[in-house]
Amino acid sequence: MFLPDQRTTPAEARGHSIAQMKILIINYEFPPLGGGAGRGTYNLARELAAKGHDVDVLTSRAVGYQKNELVEGVHVHRVKSYRKGIHDCGFRGAFSFLLFAIPVFLRLTQKNDYSIIHYFFSLPTGLLRFLPGRHRKVPYIISLRGSDVPNYDEYNKSLQLAHKILMPITRTIWREASRVVALSSDLANSAKVSDSKVSIDIVPNGIESEMFVHDPNIRAEMPKGKNSDRVQLICVARLIERKGVQHLLQAMKQLDDSVYLTIVGEGNYMSALQALANKLELDDKVRFYGYCPREKLVRLYNKSDIFVLPSMAESFGMVFVEAMSCGLPVIGARVGGVPDIIKEGNGILVQPDSVEDVIAAIQKLAADKELRDAMGAANRYKAVAQYAWRSVADSYEIVYRECTGIEEPVTVD
């Protein structure tokens, strides 16, 4: 049974001072719902709870999940929403969440003295800021994630129209925030096109480096056969048009049989991609794996030799860091936050929409195992050193303290 007044955090059990800050994080996506933003909310919240903070999360409810639950020291409050699917929210899912979240949000903010409120996505979650109530006096920060930034996804015309209509509201949400944070410098620059007056900090996504590990034994244990002798490519993505998987399929048509591609994920563009693969006669070179639980995804990464995702728009690209943490070289498009992740020595950047660039990058890495191994080793080190969630939580904690004026208390031995 969920008892909100009987709270013990992991840090409290370790002897740290209790509830340094009281934090409310709001995101319409939280595992198992959504992609990088949902996992980001989960990992940030659990790291903050482990540091001794009292953390609430308000999010959407997936089938089979409780309305209120304690998850690794985080008090999760879930409300109904009408999503298209686990990985596909849509306008209806986002704004139905907003509707059902209103009474829970008002109850939480009336009952609790929050130090700060953290909204993931300025739209739709930031709209809760306009409701009357005690929360109006609480400092808040906005995490820009991509789809909430005008001009981020130029391929989604309905989204761009919505941004155009809601632009005055978006600017107000940003300007009244104590701090606005973006995943990458490119996303921050995109936001500044819409509002040059807003100041934006950069805090990247993190990686569960203790989960996504490099294990060469998994690759060695693969049963011998035609496919196992090929260079194994893996693409992990929400299967929507802007992920550019169609260009990867077109590249596979022109590559020889020395490479084999596994596509992991699902989405509203999946049937179109499968139809394209059939048209290109790729049955013997490509397989659609479908949805994969994260604990099994680690094995798929470790069975692979190269990660490739030629997105046409990408705010950050969590899957790149996951693959890097598993010791893979990576191929990505020169868009959004991807160039912040892929540098010379750990992967190859290609032009978006360029099938020829994708072909050349795959051929270069497929032909040179030593290069793949060197890039993979560099990537594992980089993923752990730069993208561990504890470091990301430290960055957000600094932002919270600067916004609230709450200094870090002295810990108790």
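How many residues sit between strand 3 and strand 4 in their hairpin? There are two, and Glu-72 in that turn has a positive phi of about 50 degrees. This is a predicted model, and the hairpin is a handy way into it. From there, we can walk through the sheet, the helix that packs on it, a buried helix further along the chain, and the cysteines.

**The hairpin**
- Strand 3 covers residues 68-71 and strand 4 covers residues 74-79, and the two pair in the antiparallel sense over four bridges.
- If you'd like a pair to look for, find Glu-69, whose bridge partner in strand 4 is Val-76.

**The sheet**
- The hairpin strands belong to an open sheet of eight strands, running in the order 3-4-2-1-5-6-7-8 with mixed pairing.
- Strand 3 and strand 8 (200-202) take the edges; each has a single partner strand, so one side of each has no neighbour in the sheet.
- Going from one strand to the next, the twist averages 25 degrees.
- Strand 4 also pairs with strand 2 (residues 54-60), this time running parallel, with five bridges joining the two.
- One spot to check there is Asp-56, which has His-75 of strand 4 as its bridge partner.

**The helix on the sheet**
- Helix 3, spanning residues 90-111, packs on the sheet.
- Helix 3 touches strand 1 (22-26), strand 2, strand 4 and strand 5 (116-120).
- Compared with the direction of strand 2, that of helix 3 makes an angle of about 160 degrees.

**A covered helix**
- Helix 10 takes up residues 318-325 and is mostly covered, with eight of its eight residues buried.
- Those buried residues include Met-318, Val-319, Phe-320 and Val-321, and Glu-322 is also among them.
- Ala-323, Met-324 and Ser-325 are buried too.
- Just after helix 10 comes Gly-327, with a positive phi of about 80 degrees.

**The cysteines**
- A disulfide is a covalent bond between the sulfur atoms of two cysteines.
- You won't find one here, as the structure holds zero disulfides.
- Cys-292 is in no disulfide, and the nearest cysteine sulfur, that of Cys-326, is 11 Å away.
- Is Cys-292 buried or exposed? Its relative accessible area is 8%, so Cys-292 is buried, given that the cut-off for buried is under 20%.
- Cys-89 counts as buried as well, because its relative accessibility is 6%.

Note on methods: Residues are numbered from 1 along each chain as its sequence is written. This is a predicted model: local features need pLDDT of at least 70, side-chain atom pairs count only at pLDDT 80 or more; totals for chains, interfaces and linings use all residues. Side-chain values use heavy atoms; hydrogens and water are left out. Buried means under 20% relative accessible area, exposed over 50%, partly exposed in between (1.4 Å probe, protein chains only). Two strands pair if DSSP finds at least two bridges between them. A disulfide is a pair of cysteine sulfur atoms within 2.5 Å. Axes are lines fitted to C-alpha atoms, for helices over the stretch in contact, and angles run from 0 to 180 degrees between N-to-C directions. Contact means heavy atoms within 4.5 Å.
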